[in-house]
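Open your viewer and get ready to click along. We will go from one selection to the next and say what is there.

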Amino acid sequence: MNKVLLIIQREYLTRVRKKSFIIMIFVVPLLILVMGIVVKMVADSSDKLSSLQTVNVIDKSGDFANRFHDANNVKFTYALTDLKSSKQLLKDSEGISILYIPVNYTQKDSVQIFSKKKASIPLSEEIEKQMSDIAFSNNLIRHHIDTALLKSIKRTNISVSAIEISDKGDKNANIGANILIGIACAIIIYISLFIYGGQVMRGVIEEKTNRIIEVVISSVKPFQLMLGKIIGVGLVGLTQFSAWIILSIISTKIAGHSFNSPTSPMVNALAVLQTIPFGYIMGCFIFYFLSGYLLYAALFAAVGSAVDSETETQQFMFPITLPLLFTYFLAVSVLFRAPDSPLAVWLSMIPFTAPVAMMVRIPFDPPGWQVAVSMCMMVVGFLFTTYVAARIYRVGVLMYGKKASYKELAKWFFYKE
Amino acid sequence: MLSIRNIVKQYAGHRALSDVSLEVESGQIFGLLGPNGAGKTSLIRIVNQITAPDSGEIYFNGEKLNQSHIERIGYLPEERGLYKKMEIGEQMIYLARLKGLSRAEAQKRLKFWFEKLEMETWWKKKIEELSKGMQQKAQFVATVLHEPDLIILDEPFSGFDPVNAELIKDEILELNEKGATILFSTHRMESVEELCDAIALIHKSHKILDGKVKHIRNSYRNETYFVEYTGEQIAFDGNQPFELVSETHADDGSHTIKIKLTRENNSNDVLQYLIPKARVNMLQEVIPSMHEIFIEKVNLNSAGHE
């Protein structure tokens, strides 16, 4: 056991000390942060006017005179009165427009904005909003409702929250966020199974081609070496994820602070995310990542042991990647639309497909017994693949120059010690 | 020390070892000889518990070979290899710790060895930065760092330049003097006579010869002698106490003959016969070299098998 720890330590440290690992830890959250900022900036720039716009109001109705207020880079003036002469005047000036309000302004499309360039959407939205408000309060006054009282009454903001009815009591749900979280988890698991499984495989091939394998397994059993390598690389994966999660939380906190305004979409998004049971999903994510990793890493290790170089891995990689690829495509196309369909349920029970399939379902809160059965199947699954892989591995690592076929692998499996 | 009893190892398609038994005594340098593909490496792997035999048993100091003996064996495989990207110092310590040494102890011993073999500056280097010969030296250190009782070396001299091969040979002898038993495989016969106390010859999965080097060579004596004399060339008429195998004559008037004793005669009879006829400069028994015995045995066996 002590020796397995030594192997884990070596596998872990040699990878974690690599410059590329340390760089990756910082680069990925930084990329996420930069992407967030860019998205935010794009959203903001289409949301707000970038330069000051002056709007000359020509009010024929008299309802709006001096009632506009300057806001969001829009300035209102009431200097001009004649539309025709004003048009001539403004022909050559930028950032100035004319708002023409006819007497019967309630008619559709009767209010007009004139400017050198077509008025931007935020500008016309701002004007529409203000005009609606003014017209609304005019109507109230017309019906003898006290304006002072009106001002003291604040507009109430209402947001609708979707509630699911279930045996456990009503609970908050947000379909969009659920889909997002489920698919994100499935994609992360899918990618990381390949990344870390591949690392295990390359590690095994490296030991085999370096020929150090013989020295090492004269000191430890092949199984101990395989186990140490799998666990070591798995811990590297966990370290990387933890670092990313922590850094992401910190960076979104910082980003949240610097962009915070009560109506910012970031806050809305965070509010939506708060309706999702993060602890539960995180727990499931870590379980399915680890068990899926153990299951596939063992197979990757067996493949590594059977070949002499990475180029020969193709023929064995295909059947390993197939179930994952298959589930991945189903997950992003079909499964999230029907998380309780028989297909989704079955895929989340089969250990080879469960890590991806179940993660899509988890945010929709599948029945507890299904999660339990799926988790048990995962444990049985990785114990099984580890057993099979170990039997192939112990023979494979000492075989050189022999092109392994499936028949050969089966033979190795049945070899006595 | 090591008692190998009736080992059989069958691989798919061919038999690597058929009923091989050997005794390696404590403190011996034991040579495992045989042509390529004879089964030497298979046997060495079994002793190292890398693979298990199909049948047969191995005893280490009287105990049945088990995992606890791993720490008392050092193994240098034929195909050398270390982690290319790992620093040497760290790598040596790792390998020693896998053999059960503590970190502090491994570090101390490694310092000693690095000084001894003038490798101090290598500590922080990576294997890929070293030459092949340097890698071999490092690997030898890794093999003996945990001070094993039994050191198993598979083709230890292959890959070394003559200077380093000599250096390693001296180290092996020194370790042997300090009490380590050495088992090594080779197909280089010169090193056998120089180094080995005992040998076993394996050919086509069978052990065809084993024993102490001296005994083996003595048992292959066939009463053949070289004689050098000066004077008139002797005409042998058939009454001499030996058979003439061959003769050569040098320009300086010396003659060399190779003879084989006949009947009950011994070397004294040869001298008695020759002394009246010429001046005898030298009489030397021809003891077959291990190389000759090896070739003879292998050829004989190949013929016998086919």
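Two residues are in contact when they have heavy atoms within 4.5 Å of each other. Helices (DSSP H or I, at least four residues) and strands (E, at least two) are DSSP runs, numbered from the N terminus. This is a predicted model, where local features need pLDDT of at least 70, side-chain atom pairs count only at pLDDT 80 or more, and totals for chains, interfaces and linings use all residues. Residues are numbered from 1 along each chain as its sequence is written, chains are lettered from A and ligands numbered from 1 in the order in which they are written, and side-chain values use heavy atoms, with hydrogens and water left out.

Select α5 (162–177) of chain B to begin. Which residues of α5(B) are buried (under 20% relative accessible area, 1.4 Å probe, protein chains only)? They are N164(B), A165(B), I168(B), K169(B), E171(B), I172(B), L175(B) and N176(B). These cover an arc of only 160 degrees around the axis (taken from the directions from the helix axis to the C-beta atoms), which puts them on the same side of α5(B).

Now show what the buried residues of α5(B) pack against: β3 (29–33), α3 (103–116), α4 (132–144), β7, β8 (181–186) and α6 (189–195) of chain B. Turn to the other side of α5(B) and you find P162(B), V163(B) and E177(B) exposed (over 50%).

Next, pick G179(B), just after α5(B), with its positive phi of about 120 degrees.

Finally, click E155(B), in the loop between β7 (150–154) and α5 of chain B. E155(B) is buried, at a relative accessible area of 6%. Beyond four places in sequence, the contacts of E155(B) include K40(B), R80(B) and H187(B).
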